[in-house]
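Good morning. I have a few minutes, so please look at the screen and follow along as I point things out.

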Amino acid sequence: MQALAVFPERRRVAVIEEDEPRTLGPRQVLLRTREVGVCGTDREIAAFAYGERPPGSDHLVLGHEAIAEVVDLGSEVRHFQRGQLVVPMVRRPCAAARCRPCRAGRQDFCVTEEFLERGIKGVDGFLAELFVEEEGNLIPVPPGLADVGVLIEPLTVIAKGMTKLRLFRERLPWEPMFEKALVLGAGAVGLLSAMCAVSNGYDTTVYSREPSDGERAAYVRGFGASYVSSVETPLGDVGRLGPFDLLVEAAGFSPLTIAGLGVLGPNGIAVLKGVPGLGPERAIDIDRLLRSVVLKNQVVFGTVNAGRSDYFDAMHLLEALVVRFPESVRHFITARHPLEAAPELLARSEGIKDVVRFDGGKTGGLAS
C-alpha cells in the first residue's frame, strides 16, 4: 500500500510503499483512509523542525486529521461494523503510573510529555491507504458528515477550549450579554474559532496579516464576522472596537499575543491556541501585563490536543456549523488532492484547508 512519510535523517519527504496490515488483535479495527487534512504541524514535520519517528524506524508516516472507513474487525470489537465511518483520536497515553491524567483516559493533559501522537510523535499516522487502530481510539461519525468529517479533529481543540471557557464564565454572577470576541490569526484554527464565536452570539473580529480586500477577508465576512488586516491597521487601533470579552490567539506569534492581551477587557478571557516557535528572547512590559490581568479579573489559559469527549463535542459542533453556515463550511476545504500531490502540499500553504483524498480500493478481511 502507499503512504506519505518523512525521513528526518535523509531530509526527505516521499510517497512510499508499505506492507499492508496482516493481522488484527481482538480489540483492533482495520480502516481504509478516506481523507486526511494537512495542517501547520504536518508542514513543520516535513520541514524537519518537529516530529519523532517510531523507535527502530527511519521514517514517520504523516497525517493526524483523518476520516476513515471500517474494513475489518477484531474478534472482540462490539461497537463498530464494516463500512462505518470513524475519526481516529491522535494522542496515546504515556506509561507512567504517576500520570493521573493518562491513567484517567485524559492523555491530552499528560504531565510527563511521554505521550505518543499518531503522525507526530513516536507512532505512524494516517496518511496511508490502510491502518489499524484500537477500538477505544475511534469516534463514530454519522453518514451526513461524510464530506466534512475530516474537520472534526481540527475542531476538537476548539471544542475543548469552549468547555474551559464555559467553566470560567461561570465565575461571573451574571449572564454576560452583547459580548465581543477578537480572534488573532486567520488560519484554519482561527477561522473555525471565529465561526464558532459568531455561532455563539459573539460580535467577532478577526485580525490577521492578509489584506482586507483579499479572499480570506471575504470568507470571514461571509459567516458574519468582521475582518481587520494587521498590515493596514495597528492592533491598538482595533482595541477601540472593544473592549473585547474574549480573545482567541491562533497565530502562534508571541508579540501579537502580548499585544492582544493589552486589548482584553475587564473580566475578559484569553484562549491561547497558537504555539510560537522558539527564537531569541523578547523584552516585554511584564509589570503592565500582569497588573492588567490581576486588576481586571482576567483569565488566560492555553489549550492543546483533545480527549474523547472533545471529539464528540467537535462532531456536534460541526453539525451545528453545517446548519448555520453551510456555504462557509463547504468552502473551508480549499481542495482535495491525490496522495502523490501531498509532498508539494506540505511545501506550500495557500488555501484554508487542503485535504488528501484516497480512492479506496477494495480490501479483504484479515486474520484476527
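I will go through a few local features, one after another.

One thing to keep in mind is that this is a predicted model.

I begin with a histidine. Where does His64 lie? His64 sits in the loop that links strand E4, residues 60–61, to strand E5, residues 65–73. Is His64 buried or exposed? His64 counts as buried, because its relative accessibility is 5% and the cut-off for buried is under 20%. The side chain of His64 also makes a polar contact, at 3.4 Å, with the side chain of Asp42. If we leave aside the neighbours within four places in sequence, the residues in contact with His64 include Val36, Cys39, Val90, Ile120, Phe126 and Glu153. Arg118 is another residue in contact with His64.

Arg118 brings me to a small sheet, since strand E8 covers residues 116–118. The sheet is open, has three strands in the order E7-E8-E9, and its pairing is mixed. Which strands are at the edges? They are E7, residues 91–92, and E9, residues 122–123, and each of them pairs on one side only. E8 and E9 run in the parallel sense, with two bridges between them. In one bridge, Glu117 has Gly122 of E9 as its partner.

Next, the cysteines. How many disulfides does a search of the whole structure find? The search finds zero. Cys99, for example, is in no disulfide, and the nearest cysteine sulfur, that of Cys102, is 3.5 Å away. Why is there no bond here? The two sulfurs, in Cys102 and Cys99, are 3.5 Å apart, which is too far for a bond; a disulfide needs the sulfur atoms within 2.5 Å. Cys99 is buried, with a relative accessible area of 0%. Cys102 is buried as well, at 5% relative accessibility.

Now a helix: H5, residues 215–222. Its buried residues are Arg216, Ala217, Tyr219 and Val220. They span an arc of only 160° around the axis, so they lie on the same side of H5. Glu215 and Gly222 are on the other side of H5, and these two are exposed. What do the buried residues of H5 pack against? Their partners are two helices, H4 (188–199) and H10 (326–332), and two strands, E13 (203–208) and E14 (226–229). After H5 comes Gly224, with a positive phi near 100°.

That leads to the backbone. Which residues other than glycine have a positive phi? Arg11 is one of them, with a phi of about 50°. Arg11 is in the loop between strand E1 (2–7) and strand E2 (12–17). Asn305 is another, with phi near 55°, and it lies in the loop between strand E17 (299–302) and helix H9 (308–324). The two residues fall into opposite classes of accessibility: Arg11 counts as exposed at 57%, whereas Asn305 counts as buried at 13%.

Last, a peptide bond. The bond between Gly242 and Pro243 is cis, with omega about 10°. Pro243 has its place in the loop between helix H6 (235–238) and strand E15 (244–249).

That is the end of my list. Thank you.

Notes:
Residues are numbered from 1 along each chain as its sequence is written. This is a predicted model: local features need pLDDT of at least 70, side-chain atom pairs count only at pLDDT 80 or more; totals for chains, interfaces and linings use all residues. Side-chain values use heavy atoms; hydrogens and water are left out. Helices (H or I, at least four residues) and strands (E, at least two) are DSSP runs, numbered from the N terminus. Buried means under 20% relative accessible area, exposed over 50%, partly exposed in between (1.4 Å probe, protein chains only). A polar contact is a pair of N or O atoms within 3.5 Å; within protein, one must be able to donate a hydrogen and the other to accept it, and residues adjacent in sequence count only if both atoms are side-chain atoms. Contact means heavy atoms within 4.5 Å. The arc is that of the directions from the helix axis to the C-beta atoms. Two strands pair if DSSP finds at least two bridges between them.
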